[in-house]
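Me: I have a predicted model open and would like to go through the terms used for it, one at a time. Could you help me see what stands behind each of them?

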Amino acid sequence: MLLSVLYIIGITAEAMTGALSAGRRNMDWFGVMLVASATAIGGGTVRDILLGHYPLGWVKHPEFLVITCVAGVLTTGLAKWIIKFKGVFIRLDALGLVVFTIIGTNVGISMGLHPFICIVSGLVTGVFGGLLRDLICRQTPLVLHEELYASISVIAACLYLGLLEYGIDTLPTTIATIVVGYTLRMAAVRFKWRLPNFKLDSEEAVH
Amino acid sequence: MLLSVLYIIGITAEAMTGALSAGRRNMDWFGVMLVASATAIGGGTVRDILLGHYPLGWVKHPEFLVITCVAGVLTTGLAKWIIKFKGVFIRLDALGLVVFTIIGTNVGISMGLHPFICIVSGLVTGVFGGLLRDLICRQTPLVLHEELYASISVIAACLYLGLLEYGIDTLPTTIATIVVGYTLRMAAVRFKWRLPNFKLDSEEAVH
Amino acid sequence: MLLSVLYIIGITAEAMTGALSAGRRNMDWFGVMLVASATAIGGGTVRDILLGHYPLGWVKHPEFLVITCVAGVLTTGLAKWIIKFKGVFIRLDALGLVVFTIIGTNVGISMGLHPFICIVSGLVTGVFGGLLRDLICRQTPLVLHEELYASISVIAACLYLGLLEYGIDTLPTTIATIVVGYTLRMAAVRFKWRLPNFKLDSEEAVH
């Protein structure tokens, strides 16, 4: 219940960030809807394809796809207004990251997969939407050289699995994971926490 | 029967446009065959993966893949000649778009999916080949900022579903959809119909 | 047995080349692990998704994913040292190409697919990892305009299928394919064998 509500908030917010990226590439409405949908539900789609978990969420629930398309098109009209609320978006995005991660981890658990794969399942759900957005819009993916993002997803998935393993009920586990993950993500943005970078000069590379 | 013949014409024409794009990137024959095949049968492949509709068309009918590879390699020799017939290609591409859309919509219907997902299935089949071509060749996808293309696919899928729903037989429905879709696409190219664009300055974007 | 050992050597070497590419794009550790894993096990993943061959290798054997992530991160520390052994990498990469191709061809055979699709299965396994690496790192894929690479994969797959068809046992067939494929690849690098290129001026293209 809680996750469903948060999921819908999450895909709406992610769809809007996707639409803004499409706008920077001067795409038409179809492009906006495509990038918005890929950003919002691409992570879950990639996860389900990797795990062979059919039918995909949006095939079973077409309304999710309607939400992301509508959110994308609305963004084209509200862009100047949305941009003023940048802070709200960073918060919604942080929430979405943790909620998507929990949902993805749950899919892995429900399929009886190895805990390591459950974490990967959560991670893919959490971060691949943004990765797809940046690939389609031809930007070097932000998730790969910005503040901690994927790491938060991994930490949230580990915490979630650990608490469940410890015998805690699903609801408190979910709430604790959301609170910790959201707080960590906002702290990472605030204090610019980053993973170490790996920098190699072009002429040094093997290929 | 009719659709099969048109399908083969469609994948041949699409393979040739893919090969021309590969040529602009100075690829070798393998690259040409890859881009030609991705352009021609990539849309159906993405659709089948999204819907979990196995085996893929070209796995069951390897001859389709042979056709696209041969068409791609032939294009390398005939490029100067092909380019003179640009008008023919635009017509074949318009035909391919509508035929691919109908085939994709049919797959959705045969799997008993929601009408909205059937339309998405037609759309993915119609436009993802060109999208893959442009991603591999590192161009901002044409379909996202050119004359109506995806929209024609959606209109054709809706018309097709609507006529069937109305009780019209498959053959007249197919012919009517092809005629209307083809005419609309050619009109869109002729009169430069476009969807509204969404333009956002880079510094204004949230991310 | 033999193939398993060679497979692990292959994914380790490929993960390292992926990590070096990520380093040229100045990615963080997560990016390094992502590109390393995509390079090493992306080919098999794409193959399994195209063939509907579930569960994926690394979902069943999470240790493969652990190996590629660890190899990627180790590479960040050892890059300057690794680059000195460029020759070793070219050899390991040649070995990996043939081993991956044989494994992919075997998957096609075990699924009872058409020989042409078995060859495609070997080809996808052999070359799509490098293709994914170059797409994520936004380079025009090397495989598409360098020394013979995909062609070696096709030749190896044909030889492997041919010898098996001829009634030769699996072990000698595997060894012969590895020897011939590896030798051809090294010769291609040495003598700069290439497929014909297809070069088309931009203004000449249809699209």
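Me: Let me begin with charges. How many salt bridges does the rule find across the interface of chain A and chain C?

Reply: Happy to help, and please keep in mind that the model is predicted. The rule finds zero salt bridges across the interface of chain A and chain C. To count, a side-chain nitrogen of Lys or Arg would have to be within 4 Å of a carboxyl oxygen of Asp or Glu.

Me: What makes chain A and chain C count as being in contact, and how many residues take part?

Reply: The cut-off is heavy atoms within 4.5 Å. With that rule, the contact takes 36 residues from chain A and 36 residues from chain C.

Me: How do you know what area is buried between chain A and chain C, and what share comes from carbon and sulfur atoms?

Reply: The buried area is what the two parts lose in accessible area on being put together, summed over both. For chain A and chain C that comes to about 3,200 Å², with 71% given by carbon and sulfur atoms. As for polar contacts between these chains, the count is one residue pair, both at pLDDT 80 or more. On the side of chain A that touches chain C, helix H2 (29–51) and helix H6 (115–136) of chain A each supply at least two residues. The largest share there, eight residues, comes from H6(A).

Me: Which classes of residue make up the side of chain A that touches chain C?

Reply: By class, that side of chain A has 23 nonpolar, eight polar and five charged residues.

Me: And what does the interface of chain B and chain A hold in the way of polar contacts?

Reply: The rule finds one residue pair in polar contact there, both at pLDDT 80 or more. Salt bridges between chain B and chain A number zero. The residues in contact are 36 of chain B and 36 of chain A, and the buried area is about 3,200 Å², 71% of it from carbon and sulfur atoms.

Me: Why is B:Cys69 not called part of a disulfide?

Reply: A disulfide needs two cysteine sulfur atoms within 2.5 Å. The closest cysteine sulfur to that of B:Cys69 is in C:Cys158, 13 Å away, so the pair is too far apart for a bond. C:Cys137 is in no disulfide either, as its nearest cysteine sulfur, that of C:Cys69, is 15 Å away. Over all chains, the count by this rule is zero disulfides.

Me: What makes C:Cys137 count as buried or exposed?

Reply: Buried means under 20% relative accessible area. C:Cys137 has 0% relative accessibility, so C:Cys137 counts as buried. B:Cys69, with a relative accessible area of 17%, is also under that cut-off and therefore buried.

Me: How do you know whether A:Thr39 is buried or exposed?

Reply: The relative accessibility of A:Thr39 is 2%, so with a cut-off of under 20%, A:Thr39 counts as buried. A:Thr39 sits in helix H2 of chain A. Leaving out residues up to four places away in sequence, A:Thr39 touches A:Glu14, A:Thr17, A:Gly18, A:Gly129, A:Gly130 and A:Arg133.

Me: What does the side chain of A:Thr39 reach, and why does that fit the distance for a polar contact?

Reply: The side chain reaches the backbone oxygen of A:Val35 at 2.6 Å. The limit for a polar contact is 3.5 Å, so the distance of 2.6 Å falls within it.

Me: What is omega for the peptide bond from B:Tyr54 to B:Pro55, and what is the bond called?

Reply: Omega is near -10°, and the bond is cis. B:Pro55 lies in the loop between H2 and helix H3 (57–60) of chain B. In chain C, a cis peptide bond joins C:Tyr54 and C:Pro55, with omega about -10°.

Me: Why is a positive phi or a cis bond worth pointing out?

Reply: Because most residues other than glycine have a negative phi, and most peptide bonds are trans. B:Asn26, not a glycine, has a positive phi of about 60°. B:Asn26 is in the loop between helix H1 (2–24) and H2 of chain B. Phi of B:Lys192 is also positive, near 55°, and this residue lies in the segment after helix H8 (170–191) of chain B.

Me: Why is B:Lys192 called exposed, and what is B:Asn26 called?

Reply: Exposed means over 50%. B:Lys192 has a relative accessible area of 53%, so B:Lys192 is exposed. B:Asn26, at 27%, falls between the two cut-offs and therefore counts as partly exposed.

Key. Residues numbered from 1 in each chain as written. Chains lettered and ligands numbered in written order. Predicted model: local features only at pLDDT ≥ 70, side-chain atom pairs only at ≥ 80, totals over all residues. Heavy atoms only, no water. Buried area = accessible area lost by both parts, 1.4 Å probe. Polar contact = N/O pair within 3.5 Å; in protein donor to acceptor, adjacent residues only side chain to side chain. Helix = DSSP H or I, 4+ residues; strand = E, 2+ residues; numbered from the N terminus. Nonpolar A, V, L, I, M, F, W, Y, C, P; charged D, E, K, R; others polar. Buried < 20%, exposed > 50% of the residue type's maximum accessible area, 1.4 Å probe, protein only.
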